[in-house]
Each structure stands twice: as C-alpha cells, then as structure tokens.
Amino acid sequence: MKSTVIGYPYIGPNREWKKTIEAFWSKEISEQQFEAQMKEYRLANIQVQLDAKIDLVTVGDFTYYDRMLDLAAMFGIIPARYKWNSDLVSLETYYAMARGNQSAPASEMTKWFNTNYHYIVPEYEGQTLKLLNNKPLRYYLEAKENFNTELKPTIIGPGTFYFLTKEVATLNKPSYLLQLIKVYSQLLSELSAAGAKWIQIEEPILSTSLSKDDMELISEIYEQLNTVNYSSKLLLQTYFESVEWYEELIKLPVEGIGLDFVHGLEENISNIKKIGFPKDKVLAVGIINGRDIWITPLQQSSEMLIELESLVSPNHLWIQPSCSLMHVPVSLTAETKLSKELYENLAFANEKLQELAILKNALTNNRADQEAFEQNRLTRELLNSSSVRQQGEVQKNIKRLSEIQLTRQSSYAIRKDRQQKILQLPDFPTTTIGSFPQTAEVKRNRSQLKKGLIDKEQHDDFIKKEINKWITYQEELELDVLVHGEFERTDMVEYFGEKLVGFAFTEKAWVVSYGSRCVKPPIIYGDVKWEKPMTLDETVYAQSLTTKPVKGMLTGPITILNWSFVRDDVPRSIVAQQIALALRQEIEALETAGIRIIQVDEPALREGLPLKSSKHDAYLDWSVDAFKLATSGVEDETQIHTHMCYCEFNDFIEPIHALDADVISIETSKSHGEIIGAFKNATYTNSIGLGVYDIHSPRIPEIDEMVAVVNDSLEVISPEQCWINPDCGLKTRKTDETLAALEIMVKTAQLLRKRSVQRVN
C-alpha cells in the first residue's frame with residue numbers, strides 16, 4: 001500500500017506565496033527574485049510531504065495564479081486582445097489574462113466545480129495549439145534534482161480542460177480536439193522520457209453528470225493518448241463526487257484510477273461491489289476529506305479500507321485525501337486561541353497527512369494504533385455532546401419553522417410601485433455592491449484594535465470618519481443608492497460569524513479563493529444564534545448623513561454556509577435554517593430603524609449546487625427556502641436586493657426567480673455580457689443590477705465598454721428592470737481606481753437616461 005496526495009496547498013503557512021506575487025505586481029521585487037522565491041516554496045511543499053512519510057510525492061500542483069490558466073498559457077491559448085504573437089508567454093501576458101490590463105479586460109473567472117475556488121476560463125479562438133512551456137516537466141526535474149524520492153507529476157486532464165474551455169462549441173471541435181490530444185501527448189512523452197513512473201491526470205469532469213456522448217468523447221481522447229509512445233503509468237484521478245460512467249471509466253487505458261470515497265462514498269463503493277475493479281489497475285482511495293477541517297473518523301475509515309482491500313488485488317490499493325488539500329488551511333500549529341474541544345477536532349492539510357500515516361500503518365501492519373483510534377472516537381463524541389451543539393432555544397425554533405410564511409406579502413409588481421413612491425429613484429439607478437477600498441489606514445485601525453493599541457471608541461470614531469468620507473464621495477459622484485462602505489468588516493462572512501453564536505475563528509487558517517486572494521473561512525461548530533444587531537449602528541449612522549437611501553448590507557445564509565467550514569454532525573440544511581433565522585432578526589432590526597433597502601448577498605448560492613443533476617432539486621429547495629426565511633418578513637415598501645457573481649446562470653434562472661428578490665445584481669462584464677443571455681428565454685420581471693465593469697482588474701474601463709454591456713442586456717430585459725453597478729464589492733481596489741471607475745459608471749447611467757428620454761420624445 002502506498003500513500004499519496006492529489007495536491008498540496010501552495011500558498012504557504014503564512015501566505016508567503018500571495019505576498020511574493022503581490023510584491024512582484026507592485027514591482028517591489030524583480031522577476032528573478034520572484035522566480036527564486038517561488039522555487040523555494042515549491043521545494044518546501046515537497047519537503048513537508050516527505051517529512052510526513054508520504055510514499056508518492058506529488059509535483060506540478062503549484063501555480064503562479066491558477067492551474068487552468070497555466071495550461072492555457074502552456075498551449076498558446078492566448079486571446080487575441082492581449083496582442084500576443086510569440087512562442088513565449090511572458091509573466092506580463094500571463095497576469096494580463098488573469099487580471100486584465102489597461103488595453104484588455106481579464107479572462108472570465110468562474111468557480112471550480114462546487115468548491116469556493118475560482119479559476120480562469122481558457123478562451124479558444126481558433127489558435128494553433130503548441131506546447132510552448134512544459135511546466136509539469138520543469139517542476140518534476142527541479143524536484144528530482146533536489147530530492148531522492150519517487151515523484152508523481154500531476155496535470156489537469158484533457159477531458160476536463162476541453163469541457164471547461166470557452167468558445168469550443170462554436171468553433172471546429174474535431175480540429176481543436178486533435179490539437180489538444182497532440183499537446184497532451186507531447187507533455188506526457190516528455191515527462192515519461194524524464195523518468196516519471198507515474199503521472200497523475202486529474203479529471204474532475206468525470207464526477208459531473210456527463211452525457212453518453214460526453215463520456216464517449218473522453219474515452220476516445222484516452223484511446224488516442226494510449227497510442228503515444230511513453231512508458232509512464234497513468235493515474236486517472238477523479239474527485240468531488242462519485243463517477244456516473246463507472247463501467248466505462250474502468251475500461252480506459254490507464255494503470256490507475258482515483259475515486260472519492262468521502263463525497264462519492266455510497267455510489268463508488270456500490271459500483272465496485274456490483275461491477276468489480278480491474279485486477280491490473282491501482283485503486284487510489286480518497287479516504288481523508290480534502291475539503292473540510294474535521295478530524296477523520298479513523299475507525300470507520302479503517303474498516304472501509306479493509307473492505308476495499310478484499311475487493312481489489314493485493315498491493316493495488318493506495319490511500320489519499322479525497323481531493324487536493326488546497327481547499328483546506330496548511331497547518332493547525334499556528335492556532336493558539338481555539339477551545340480545547342474544538343482544536344482537538346480539527347485537521348488541516350499537515351494533520352491530514354498524519355492521518356494518512358496512521359491509516360496506512362494500521363493496514364500494512366495488520367493492527368491499528370488502538371490508543372490513537374480510541375482517542376479519535378472520544379474527541380469526536382465530546383464535541384458532539386457539548387453544550388455549544390445543544391442550544392435548546394435554537395433547536396426549538398427550527399422545529400417551529402412550519403409556522404413561518406416564506407413568501408412576501410404582495411407580488412413584485414405591487415411591491416415595486418410602493419417602493420418607488422418612497423425611494424423616488426431615476427431610470428437606470430446606480431449603486432455599488434457594498435464594500436469600498438480597505439486602505440492601509442483601515443487595516444491599520446483594525447490591527448491596532450486587535451493588539452490593544454487603541455480602544456473600541458477610537459476604532460469606532462475612525463470608522464465613522466471613513467463612512468462620512470465615502471458618503472460624501474458617493475454624493476459627489478451622484479450615485480442614487482449609497483452604502484456605508486463596510487470599513488468595520490474584514491470579510492463578508494467572517495464579520496457576521498464573529499457576531500453570531502456558534503462560530504469560531506482562526507488566526508492563520510488561510511485558503512485560496514482566486515488568484516492571490518486568500519480567505520479565512522469561519523468554523524461553524526455549534527448551533528447558530530442571533531444575540532443583538534450586527535450592522536445597525538453603521539448603517540443608521542450612514543443614513544443620518546444623507547437624504548439618499550442607504551442600503552443595509554448583509555451576507556445571505558447560504559453564502560455564510562458555503563463559505564464556512566461547517567459542522568459535520570447535522571445536515572447542512574439545518575445549519576442554513578439556523579443562520580437564516582438569525583438574519584431574519586437582523587433584517588427586522590434594520591427595517592424597524594427605517595432602512596428601506598436591504599441587500600442580502602448570495603454569491604455562493606450557485607457554488608453549493610451538487611455536481612450531480614439528480615441532487616440539484618433537493619439542494620435548491622432548502623437553500624432557496626433559507627433565503628426566503630431570512631427575507632420574507634419585511635413590508636412591501638422595503639426593497640430586498642441580492643448579489644450573485646461568477647456563476648453559470650444559464651441553468652439557474654428558476655432558482656433566481658424563486659428567491660423573489662426585488663433586485664438581483666449579477667456579473668455581466670468579465671463574461672463579456674454573455675451571462676445576461678441566460679435571461680433571454682426566461683420570463684423574469686424583477687429588477688436586475690448589471691455589473692458593468694470588472695472590479696478584479698486594476699484597469700479603468702471606458703464608457704463605451706459599459707454602455708455596450710447595457711445595450712447587450714437591453715436586448716433581453718427592459719430598461720425599467722435595469723440597475724447599474726460594478727460586478728462585485730470594491731474592497732480590494734485602490735481609492736483612485738474606484739472613484740475613476742464609478743465616475744464613468746454614473747456617466748454611463750446618465751447617458752442611458754438621456755437616450756431613453758430622447759426615444760420617448
């Protein structure tokens with residue numbers, strides 16, 4: 001038996017990777033210094049695996065921004081707007097694709113399956129594919145030179161890359177596929193020639209609901225790759241769910257198959273029992289949960305491995321996490337402030353490597369570490385029976401949910417008229433999504449409070465000054481609906497978790513969200529309960545400074561759920577209901593204080609959608625109900641907004657409609673206006689906030705670009721439905737960038753109003 005990992009976190013225990021990238025962007029370090037530091041991080045990650053006695057160490061899971069972007073750059077899939085015409089992709093071009101530049105917008109970004117990570121979508125425009133730079137080979141040779149151990153290069157597979165690449169469907173598929181197979185063949189041949197005995201090919205696309213034609217296409221890709229002359233063995237790795245085309249999968253010409261026995265346990269083990277597993281292939285068992293931070297139930301996992309041993313040929317069983325460990329924090333050792341009962345129930349990436357070693361030792365020596373197994377069992381039982389998970393009042397309220405009406409008092413048409421009489425908004429009203437730049441001063445004020453260098457009164461005075469300043473900015477810009485700016489908040493989920501019962505917070509438990517953006521997800525470890533208003537003071541203060549409406553800003557129940565590490569002892573739907581009830585009380589407090597627009601953001605609603613279509617309805621039922629549980633108690637005159645970003649809307653219109661938000665703001669810029677096409681054949685009457693520019697890029701858009709986004713949208717929705725806003729919050733941008741972009745955005749709305757009046761006249 002061998003132990004291995006699918007991937008290891010590349011950000012470093014103190015986010016060294018992020019800091020180096022951002023130092024390079026700001027020209028604080030040279031490209032040579034940047035490359036040297038990146039190499040240091042790669043080698044350190046390998047050393048961690050060796051220290052944990054991992055048998056087959058993975059290389060190639062490292063990136064300078066995103067691994068899908070890496071492949072696009074390696075293959076020369078560079079959109080024409082970046083004016084690239086050489087055989088080398090510079091770091092300047094690479095990062096322009098990721099972040100945009102002043103002459104070209106960034107490539108689209110969307111979620112990586114049903115995780116909280118977002119990848120850069122490759123754009124195929126008919127380019128001739130070439131293997132310009134074999135990064136996996138470079139990383140393999142680098143590791144081989146520095147370590148005397150067996151190494152397993154990993155690459156995202158051709159099937160996944162093909163199905164996730166944009167524009168392929170409208171171009172010459174056969175030609176593109178042939179070219180793709182050719183570059184993958186060269187990539188594999190070069191790795192094999194360098195001495196790689198095993199090559200891991202990641203195909204998470206196989207864990208989705210593929211059609212029969214899709215599976216046949218993937219089978220053909222691997223049949224073609226099998227004709228190439230290379231000696232390496234291929235480990236075809238799936239994760240995030242079970243595979244539906246199991247019988248076809250095990251017939252593929254590969255020497256090993258990785259399956260997820262955490263999230264796809266029942267289906268995968270049922271298939272093995274029913275159909276069998278090839279005696280000549282390795283089964284890589286994803287037995288440790290790579291997506292959460294709870295300790296593994298060692299006894300149950302050991303029993304499952306013993307069962308699998310009886311179904312698979314001897315010496316053909318490997319153990320590993322269920323997916324890459326990039327989705328969990330690096331190490332638990334930095335956490336010094338967690339309660340003992342919680343701390344002992346946590347396992348981050350490095351602790352999961354230790355769990356692999358315990359399980360491997362239990363099976364290879366035919367005897368478990370009884371002390372470790374018993375301690376593991378007791379630790380889990382103590383937390384499950386603790387008072388934090390037995391809040392009687394919360395559990396009583398959950399049982400009485402049937403008494404709460406989940407629909408608004410009146411239809412949207414009636415609500416809209418009543419809201420307009422109060423709000424008196426112009427056509428194409430302008431607003432922002434909520435947050436404004438978190439400047440060095442804002443971060444310093446927060447840090448000083450945490451360190452005890454200033455008291456809460458001093459901190460709050462600073463926040464009021466920032467609110468005052470930005471209310472003035474917004475009025476000078478002539479925005480129609482204002483926000484207070486969220487300067488008191490670190491993160492849109494963490495902030496609320498800190499004020500609710502049932503949450504815990506870490507010191508350095510960072511995970512990557514997209515690019516260099518890292519987050520520290522809260523830990524929902526107990527019953528969730530509202531104790532007092534969380535956003536009232538700042539919102540009411542902001543409203544006192546202006547006659548224009550100020551939005552109350554909340555994060556929705558499903559986003560709080562999906563962007564947290566969630567307890568595993570009760571269904572996620574129950575946790576969502578607890579959060580929704582808490583938010584319902586917060587919304588009531590805001591409404592009572594006279595706040596007439598309340599935004600409840602749900603950018604992660606789509607992210608939680610199961611990969612299997614057969615499981616969609618159940619998830620959508622309880623997640624939509626959770627949003628409505630939070631928002632349905634307001635009066636008709638109170639306008640409910642929500643925000644979603646970077647998700648595929650084409651198959652998501654019905655749930656959006658079911659939310660019944662008065663205004664939903666969506667991303668329409670980074671996807672170059674295509675998302676709005678999802679509304680073309682849908683009868684959607686509520687208002688839509690068009691995200692007319694990409695806030696993740698430092699470039700200042702032109703007014704013509706924003707007008708074009710709106711004009712495209714007006715082909716499928718009416719002017720009366722349209723709001724104008726950025727595509728996301730502005731906390732990561734600089735002040736001058738923000739003001740310049742918002743000025744153009746307001747001018748866009750003013751131009752649209754002028755044209756609208758001219759058409760009427």
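Student: Which backbone nitrogen does a side-chain oxygen of aspartate 66 reach at the start of H3?

Tutor: Good place to begin! At the start of H3, a side-chain oxygen of aspartate 66 comes to within 3.2 Å of the backbone nitrogen of methionine 68. Keep in mind as we go that this is a predicted model.

Student: And what follows H3 at its other end?

Tutor: Glycine 76 comes after H3, and its phi is positive, near 80°.

Student: How many of the residues of helix H3 are buried?

Tutor: To read burial, look at relative accessible area: a residue under 20% counts as buried. In helix H3, which spans residues 67-75, 9 of the 9 residues are buried, so the helix is largely enclosed by the rest of the structure. Among them are Arg67, Asp70 and Phe75.

Student: Which residues have the most contacts inside the largest nonpolar core?

Tutor: For a core, look for buried nonpolar residues joined through their side chains. The largest one here has 142 residues, and those with the most contacts inside it are Phe75, Trp112, Phe161 and Leu283. Helix H7 (residues 173-193) gives the most to this core, contributing 9 residues. There is also a second, separate core of 85 residues, which includes Ile471, Met553, Phe652 and Ala749. Phe75, by the way, is a residue we have just met among the buried ones of H3.

Student: I would like to look around one of those residues. What does tryptophan 112 touch?

Tutor: Leaving out residues up to four places away in sequence, tryptophan 112 touches a list of residues including Met68, Tyr119, Ile156, Leu164, Phe240 and His327. Met68 takes us back to H3, where it is one of the buried residues.

Student: How are the rings of tryptophan 112 and tyrosine 119 placed?

Tutor: When you compare two rings, check the distance between centres and then the angle between planes; an angle over 60 degrees is read as edge-to-face. By this rule the count comes to 26 aromatic pairs. For tryptophan 112 and tyrosine 119, the ring centres are 5.5 Å apart and the planes stand at 80°, so this pair is edge-to-face. Tryptophan 112 is buried, with a relative accessible area of 6%, and tyrosine 119 is buried too, at 5%. Another case is tyrosine 495 with phenylalanine 496: their centres are 5.3 Å apart and their planes at 85°, so that pair is also edge-to-face. Tyrosine 495 and phenylalanine 496 are both buried.

Student: Which residues form one aromatic cluster?

Tutor: The cluster's members include Tyr10, Trp17, Phe34, Tyr64, Tyr94 and Tyr139. Tyrosine 94 has a charged visitor as well: lysine 135 lies over the face of its ring, 5.0 Å from the ring centre. Elsewhere, arginine 389 lies over the face of tryptophan 294, at 5.5 Å from the ring centre.

Student: Now the sheets. What is the order of the open sheet of 8 strands?

Tutor: Read a sheet from one edge across to the other. The order is E1-E10-E9-E8-E7-E6-E5-E2, and the pairing is parallel. Its edge strands, E1 (2-3) and E2 (57-59), each pair on one side only. E2 runs parallel to strand E5 (residues 151-156), joined by 3 bridges, and valine 57 has leucine 151 of E5 as its bridge partner.

Student: Where are the edges in the open sheet of 3 strands with mixed pairing?

Tutor: Its order is E11-E14-E16, and the edges are E11 (500-504) and E16 (565-566). E11 and E14 (residues 523-530) pair in the antiparallel sense over 4 bridges, with valine 501 opposite lysine 529 in E14. E11 is mostly covered, as 5 of its 5 residues are buried.

Student: One last feature. Is arginine 15 buried or exposed?

Tutor: Arginine 15 counts as buried at 18% relative accessibility, since the cut-off for buried is under 20%. It sits in the loop between E1 and helix H1 (16-25), and its phi is near 60°, a positive value in a residue other than glycine. Lysine 27, in the loop between H1 and helix H2 (31-51), also has a positive phi, near 65°. At 73% relative accessibility, however, lysine 27 counts as exposed.

Methods. Residues are numbered from 1 along each chain as its sequence is written. This is a predicted model: local features need pLDDT of at least 70, side-chain atom pairs count only at pLDDT 80 or more; totals for chains, interfaces and linings use all residues. Side-chain values use heavy atoms; hydrogens and water are left out. Buried means under 20% relative accessible area, exposed over 50%, partly exposed in between (1.4 Å probe, protein chains only). Helices (H or I, at least four residues) and strands (E, at least two) are DSSP runs, numbered from the N terminus. A polar contact is a pair of N or O atoms within 3.5 Å; within protein, one must be able to donate a hydrogen and the other to accept it, and residues adjacent in sequence count only if both atoms are side-chain atoms. Rings of Phe, Tyr and Trp (its six-membered ring) pair if their centres lie within 6.5 Å; planes under 30 degrees apart count as stacked, over 60 as edge-to-face and the rest as tilted. A charge sits over a ring if NZ of Lys or CZ of Arg is within 6 Å of the ring centre and within 35 degrees of the ring normal. A nonpolar core is a set of buried Ala, Val, Leu, Ile, Met, Phe, Trp, Tyr and Cys residues joined through side-chain atoms within 4.5 Å. Contact means heavy atoms within 4.5 Å. Two strands pair if DSSP finds at least two bridges between them.
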